[in-house]
Amino acid sequence: LLAMPDMGDPRFERSAIYILSHNDEGAMGFVINQPAEGLTLKDILQNMPEEIGRTGLVNMPIFIGGPVQGENGYVLFTAAPRSNDSEQVPVQVTQSVEILKDAARNRGPAHMRLVLGYAGWGPGQLEGELQDNAWLVAAGDQSLIFDPRPEEIWGKAVASLGIDPALLSQSGGEA
């Protein structure tokens, strides 16, 4: 999901959200392009396992995944180690510290993004926001989900739809 410029909710301004689940009970996703300025894994992981503390993982940036349960940490990751860059493997989520231990041992996934909180919608809520032109919908793209330049993700995702982000209207209509 890509926030429209006139969304009206500052928590989601220029947000790109990876939707993990969407069904009759609602939707859940993670904002992937809002770094928590100056916050790293070292700052949030209590009782850090020794093998993680000895690696560069402690400097991994933390992202604001959304306004729901902001005290909870999640790891977005690719399901399998990279074997072929053209191969797309599913993006999954976990709260287990084991994935960080595996990464510290060089056995972790090809890509990881650490987030605090998530974005959630109740039944029908997201559909209503889509009808109100609050969001654009784009295909999930691993290269954007794990892009090391989060400030460019929203613009790249909008451009992937064939839309020039600079020309995106501040207001929408209905057809």
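How many helices and strands does the protein chain have? In this predicted model, the protein chain comprises six helices and nine strands.

**Figure 1. Overall dimensions of the protein chain.** The C-alpha trace spans about 55 × 35 × 30 Å along its principal axes. The radius of gyration of the protein chain is 17 Å, which agrees with the value near 16 Å for a compact globule of 175 residues. Of the contacts between residues at least 6 apart in sequence, 66% join residues at least 24 apart.

**Figure 2. Surface and charges of the protein chain.** The exposed area is about 9600 Å², and carbon and sulfur atoms supply 48% of this area. The protein chain carries 11 positive and 23 negative charges, whose mean positions are 13 Å apart. Buried residues account for 40% of the 175 residues.

**Figure 3. The largest nonpolar core.** This core has 21 residues, and those with the most contacts inside it are L2, F30, I32, L136, I145, V158 and L168. At least two core residues come from each of strand 6 (68–78), strand 8 (112–121), helix 5 (142–145) and helix 6 (150–160). Helix 6 gives the most to this core, with four residues. In soluble globular proteins, nonpolar side chains tend to be buried together.

**Figure 4. Surroundings of V158, and another core.** Leaving aside residues up to four places away in sequence, V158 touches L2, L136, I163, P165 and L168. Apart from the largest nonpolar core lies another core, of 14 residues, which includes V75, L100, A104 and M112.

Technical notes
Residues are numbered from 1 along each chain as its sequence is written. This is a predicted model: local features need pLDDT of at least 70, side-chain atom pairs count only at pLDDT 80 or more; totals for chains, interfaces and linings use all residues. Side-chain values use heavy atoms; hydrogens and water are left out. The radius of gyration is taken over C-alpha atoms; the globule rule is 2.2 Å times the number of residues to the power 0.38. Buried means under 20% relative accessible area, exposed over 50%, partly exposed in between (1.4 Å probe, protein chains only). Contact means heavy atoms within 4.5 Å. Accessible areas come from the Shrake-Rupley method with a 1.4 Å probe; for residues, only the protein chains shown count as cover. Lys and Arg count as positive and Asp and Glu as negative; His and the chain ends are not counted. The place of a charge is taken as NZ of Lys, CZ of Arg, CG of Asp or CD of Glu. A nonpolar core is a set of buried Ala, Val, Leu, Ile, Met, Phe, Trp, Tyr and Cys residues joined through side-chain atoms within 4.5 Å.
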